[in-house]
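Me: I should like to learn how to read the helices, pockets, cavities and cysteines of a model. Could we take them in turn?

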Amino acid sequence: MLIDAHAHLDFADYGSDLPSVIQRAKEAGLVHVVLVGQWREPGQEGPAGMAAARGALELSRTDPGFFSATAGIHPHDAARATAEDLRELETICAESGVVAVGECGLDYHYDRSPREVQRERFAEQIRLARRLRKPIVVHTREADDDTASLLEKEMGQESGVVHCFTGDWAAAQRYLSLGLYISLSGVLTFKAADALRDAARRIPLERLLVETDCPFLAPVPHRGKRNEPAYVAFTATRLAELRETPLAEIERVTTANARRALRLNATGA
């Protein structure tokens, strides 16, 4: 009984075997998958712009008991998204099948958009979540101070999730103080992730989610391969080991947390 709190199953990586991927997820015990829709640059495979973000919503409608959707503009794309894209994003996020705004945030590792523009787009999406009274799904990489500062300034009462958290305990504490939930990915199983594992032991269990961020970041023993929702079980198992807690309890609590953080019960999850 697990929820994959962050997956990109509308990506071309699953173009040849998506039904099998979904079946394996269900066989692995998953009860729900959150599909993350995002703006896509023209020239990539499939629809471009905000039309690409609708892909997650359309896929979620094929099995609304098992899927829900989000939509956002990733920090990588902040400089290319237009004012019209932001208006379309609001239209998409207002739909009942969309449970949250995002992923959105700051990425200072790749800096594919200027940092000032990243901050502007992130603030706009935080305000959008506040207007729509929906949670926000936050992407942050090597930018915890600025990410937390913008959330402190702009976020309302709706809270949200820091997805694929890779920071340390100090960073986690700041997000927790804002009422945010923290989602752990397959990075938890990576050899060099000692600071993250330390944080995972300390974060209150009632504030933790698990995710794949597939097709990226496949956990050990599948590292380097295409990730998929069924593999969230490896992250949950590692979390159980770190916290010396029965796996069944990790499954139960992280599932309840995902439902609460992203209001999944409202979509039938």
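Me: Which residues of H2 are buried?

Reply: This is a predicted model. As a general idea, an α-helix has 3.6 residues a turn, so residues three or four places apart point the same way. In this structure the buried residues of H2 are Met50, Ala52, Ala53, Ala56, Leu57, Leu59 and Ser60.

Me: What covers the buried residues of H2?

Reply: The cover includes three strands and two helices that can be listed by name: E2, E3 (67–72) and E4, together with H1 (18–27) and H3 (83–93).

Me: How does one read the largest pocket, and what is its volume?

Reply: One begins with the volume, then turns to the lining. The largest pocket has a volume of about 1,000 Å³. It is lined by 37 residues, and those closest to its centre are Phe11, Gln38, His74, His76 and Phe216.

Me: Which elements give two or more residues to the lining of the largest pocket?

Reply: They are helix H2 (50–60), strand E4 (98–107) and strand E5 (136–141). H2 gives the most, with five residues. By class, the lining of the largest pocket holds 15 charged residues, along with eleven nonpolar and eleven polar ones.

Me: How many cavities of 30 Å³ or more are there?

Reply: A cavity is a space where the probe fits but cannot get out, whereas a pocket is open. The count here is two cavities of 30 Å³ or more. The largest cavity has a volume of about 50 Å³, and the second largest holds about 30 Å³ of space.

Me: Which residues line the largest cavity?

Reply: Its lining consists of Ile126, Ala129, Arg130, Lys134, Ile136, Met155, Gly156, Glu158 and Ser159. Helix H4 (residues 115–132) supplies the largest share, three residues. Sorted by class, the lining of the largest cavity has three charged, two polar and four nonpolar residues.

Me: And which residues line the second largest cavity?

Reply: Ala5, His6, Val137, Val161, His163, Ser183, Glu211 and Leu262 do so. By class, the lining of the second largest cavity has one charged, three polar and four nonpolar residues.

Me: How far apart are the end C-alpha atoms of helix H9, and what span should its residues give?

Reply: The check is to compare an expected span with the distance found in the model. The 15 residues of H9 (residues 247–261), at 1.5 Å a residue, should span 21 Å, and the end C-alpha atoms are 21 Å apart, so the two agree. H9 is followed by Arg263, whose phi is positive, near 55°.

Me: Which residues of H9 are buried, and against what do they pack?

Reply: The buried residues of H9 are Ile250, Glu251, Val253, Thr254, Thr255, Asn257, Ala258 and Ala261. They pack against helix H8 (232–243) and against strands E1 (2–7), E2 (30–38), E6 (160–162), E7 (181–184) and E8 (208–210).

Me: How many disulfides does a search of the whole structure find?

Reply: The test is whether two cysteine sulfur atoms lie within 2.5 Å. The search finds zero disulfides.

Me: Why is there no bond at Cys104 or at Cys164?

Reply: The closest cysteine sulfur to that of Cys104 is in Cys93, 8.8 Å away, so it is too far for a bond. For Cys164 the closest cysteine sulfur is in Cys214, at 12 Å, which is also too far for a bond.

Me: Are Cys104 and Cys164 buried or exposed?

Reply: The cut-off for buried is under 20% relative accessible area. Cys104 is buried, with a value of 0%, and Cys164 is buried, with a value of 10%.

Terms used
Residues are numbered from 1 along each chain as its sequence is written. This is a predicted model: local features need pLDDT of at least 70, side-chain atom pairs count only at pLDDT 80 or more; totals for chains, interfaces and linings use all residues. Side-chain values use heavy atoms; hydrogens and water are left out. Buried means under 20% relative accessible area, exposed over 50%, partly exposed in between (1.4 Å probe, protein chains only). On a 1 Å grid over the protein atoms alone, a cavity is a set of points where a 1.4 Å probe fits but cannot get out, and a pocket is an open set with protein on both sides within 12 Å along at least five of seven lines; lining residues have an atom within 4 Å of a point. Grid points are joined across faces, edges and corners, and a volume is the space filled by probe spheres set on the points. Helices (H or I, at least four residues) and strands (E, at least two) are DSSP runs, numbered from the N terminus. Ala, Val, Leu, Ile, Met, Phe, Trp, Tyr, Cys and Pro count as nonpolar, Asp, Glu, Lys and Arg as charged, and the others, Gly among them, as polar. The expected span of a helix is 1.5 Å times one less than its number of residues. Contact means heavy atoms within 4.5 Å.
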